[in-house]
Amino acid sequence: MPNNKLTVVETSPAGKTAKIIFEQPDRDVLLIILDGTWTVGAPLPLADEVEKQMAASRAVRRIQFKTDGISNWDSALLTFLIKVADGCSKNDIAFEKDGLPEGVARLIALATAVPERKGARKDTVREPFLSRVGSAAIRWRHSIDETLAFIGEAAIAFIKFLTGRASFRRQDLSLFIQQCGADALPIVTLISLLVGLILAFVGAVQLMMFGAQLYVANLVGISMVRVMGAVMAGIVMAGRTGAAFAAQLGTMQVNEEIDALKTMGISPMEFLVLPRMLALVLMMPLLCIYADLMGVLGGLIVGVGMLDIGLIQYVHQTRAALNLSFFLIGIIQAGIFGVLVALAGCLRGMQCGRSASAVGQATTTAVVTSIVAIIVATGIITVVCNMLGI
Amino acid sequence: MRLAHNFIIGQMPETQPHIIVKDLTMAFGTFVVQRDLTFTINRSDIFIIMGGSGCGKSTLMRHMIGLIAPVKGQIFYDDVNFWEAEPDQRDRIIRKVGILYQSGALWSSMTLAENIALPLQQYTDLKPDQVRELVTLKLALVGLAGFDDYYPSEISGGMQKRAGLARAMAMDPEILFFDEPSAGLDPISARLLDDLILELRESLGSTVVIVTHELASIFAIGNNSVFLDADAKTMIAQGDPNKLLAESTNPLVHKFLTRGEG
């Protein structure tokens, strides 16, 4: 039935909107006449209409186009035509591009020039529960291996440093010492002073019931010097310096700077990790002593200012309460925290993936790891000291 | 009859100006990068911004796409003075511009499909499956069919460039800016990218502005250009690069275009 108008699919009555007219000039030819505006966001007919038309007349073997009526087109027309072309190739129907606007025909050729690479598309297969548990356990094992390997490498780098064979830049070390030491003083001052104040307040309320306000000095002094000074300094450094180490090393990983070091035969462990660890391990005990002082000062402010304890009396009471082993416990703890924070920060930085979000993740896990490590270590040290009766 | 569509509105003469740069001076503080730049980019041009390293090519592009305000001078898009326009008018202009950054600048926490879909979701009210169709089309156009769910870090540098191009084309822009499109690509990939740019320009009729010092690309696809010089701190030549090669009497331009051999 030549030139027989079959169907008109229109999306809206207005003259400029997109519409399809189907004609069958020959038994085996389907002529698709496209008309109107074919742009993204405009109302468009669906490619299904063509499929329906193809299904309706089984005899159709070729599809032709007439597009003189198209006033405007963009990607919307292309997506429509590519879907039609897909339908054609599925049903073994020839898709004849001659009638299409020149640019459209070329773009379709371009879009279909590179076939989809086999296996490129990712399948989202949902793993069964047990296999997920299993792979999580295996990953956990691997991460322990990695951590142990990292600690081992760090230890080797430290031994090399002791024998004077480690290669790193001295000015890096002094820069990190400044960053972990002097630059951290303001925040350590604030935090320890407040912790001292808080301890004194909370203690005073209880001790006043027995008229034993004076023992606020013992309470603040012992808790700051033995534990809280080191813990507070450790947590501040985890948030401040540990995070900075992870972010620095992570960004270097993204920029291939660490690869560049490796290929030049410079060990990133010695060049990057070692100075950071040394700086933090050296500075943490000093920060701890400073935090102890600030905490005691906070207690003193409450004691003298609010509990009517004399200045000299408070100082005497504090000195009587403390002995050298308390100080040593605190300082050794701080040194251990320094190692833990530096290890966690550098480890997460070196493990970092190669993207911006990976750097963020490395920083987060560095802080979480170091704070968990600090708390667990404090627990263990306290129990051990208790057993030894120190 | 030439088909009038979205990109070539009506029957325009070939030399309709699209972007005009007038007396532009670019500076950081008191350090002047380039001064007195005046040139016109016509519709459907492939316009090359060329010059040696560090002469301010990329800086010029950053001025043109609204990232840095000029110290002096104007940039016109059609008849609109870009830097004196209202903020929302500026947004409208920039939305019609697609940009391929030097290193692709794909958002690393998003898959390729999400990268391309973001502008569509922001600026159109298309349904999710329509957005997906457009994303599939753009990826197919740059030869990355099926890579929808990959993260930028999982594909090669050349593929990242092409994915960046797909993202630049997401909104069917009237103007495409390319910053060093072939930098870091092997010659064959660079050639394919050039062909792709040419093909897209031919089919879509977009205006293309390319910052490059890749001679092969300059001669193969450019039909107009401006040559910036770092010492003179201004443009020392403009026009069709092939004509410049044949006719320019300026020794600097000639040396650049012949790789210092002429």
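How many salt bridges does a search of the whole structure find over all chains? The search turns up 13 of them, and two are worth a closer look here, one inside chain A and one between the chains. Keep in mind that this is a predicted model.

Take the one inside chain A to begin with. Lys19(A) pairs up with Asp35(A) in a salt bridge, with 4.0 Å between the closest N and O atoms. This pair ties together distant parts of the chain: Lys19(A) sits in strand 2 (residues 19–26) of chain A, while Asp35(A) belongs to strand 3 (residues 29–38) of chain A, and the two are 16 residues apart.

The other one brings in the interface. Here 31 residues of chain B are in contact with 31 residues of chain A. Put together, chain B and chain A bury about 2600 Å² between them, and 61% of that lies on carbon and sulfur atoms. Across this interface the rule finds one salt bridge. The partners are Glu133(B) and Lys83(A), whose side chains meet at 2.6 Å, N to O. As for polar contacts, the count between chain B and chain A comes to four residue pairs, both residues at pLDDT 80 or more. On the chain B side, the elements that give two or more residues to the surface touching chain A are helix 4 (128–141) and helix 6 (187–204) of chain B. Sorted by character, the residues on that side of chain B split into 15 nonpolar, eight polar and eight charged.

Back in chain A, the chain is divided into domain 1 (4–113) and domain 2 (155–388). The centres of domain 1 of chain A and domain 2 of chain A, taken over C-alpha atoms, are 70 Å from each other. One residue to look at in chain A is Glu96(A), found in the loop between strand 5 (94–95) and helix 3 (102–113) of chain A. Leaving aside residues up to four places away in sequence, Glu96(A) touches Arg62(A), Ile63(A), Gln64(A) and Phe65(A). With Gln64(A), the side chain of Glu96(A) makes a polar contact of 2.9 Å. Gly134(A) is another matter: Glu96(A) and Gly134(A) are 38 residues apart along the chain, and 54 Å separate their C-alpha atoms.

Chain B, for its part, has an open sheet of four strands in the order 2-1-4-5, with antiparallel pairing. The edges are taken by strand 2 (31–42) and strand 5 (80–81) of chain B, each of which pairs on one side only. Strand 5 of chain B runs antiparallel to strand 4 (residues 72–77) of chain B, and two bridges join them. Looking at single residues, Phe76(B) stands opposite Asn81(B), which is in strand 5 of chain B.

How values were computed: Residues are numbered from 1 along each chain as its sequence is written. Chains are lettered from A and ligands numbered from 1 in the order in which they are written. Side-chain values use heavy atoms; hydrogens and water are left out. Contact means heavy atoms within 4.5 Å. Buried area is the accessible area (1.4 Å probe) that two parts lose on being put together, summed over both. A polar contact is a pair of N or O atoms within 3.5 Å; within protein, one must be able to donate a hydrogen and the other to accept it, and residues adjacent in sequence count only if both atoms are side-chain atoms. Ala, Val, Leu, Ile, Met, Phe, Trp, Tyr, Cys and Pro count as nonpolar, Asp, Glu, Lys and Arg as charged, and the others, Gly among them, as polar. Domain bounds come from an automatic or database domain assignment. Two strands pair if DSSP finds at least two bridges between them.
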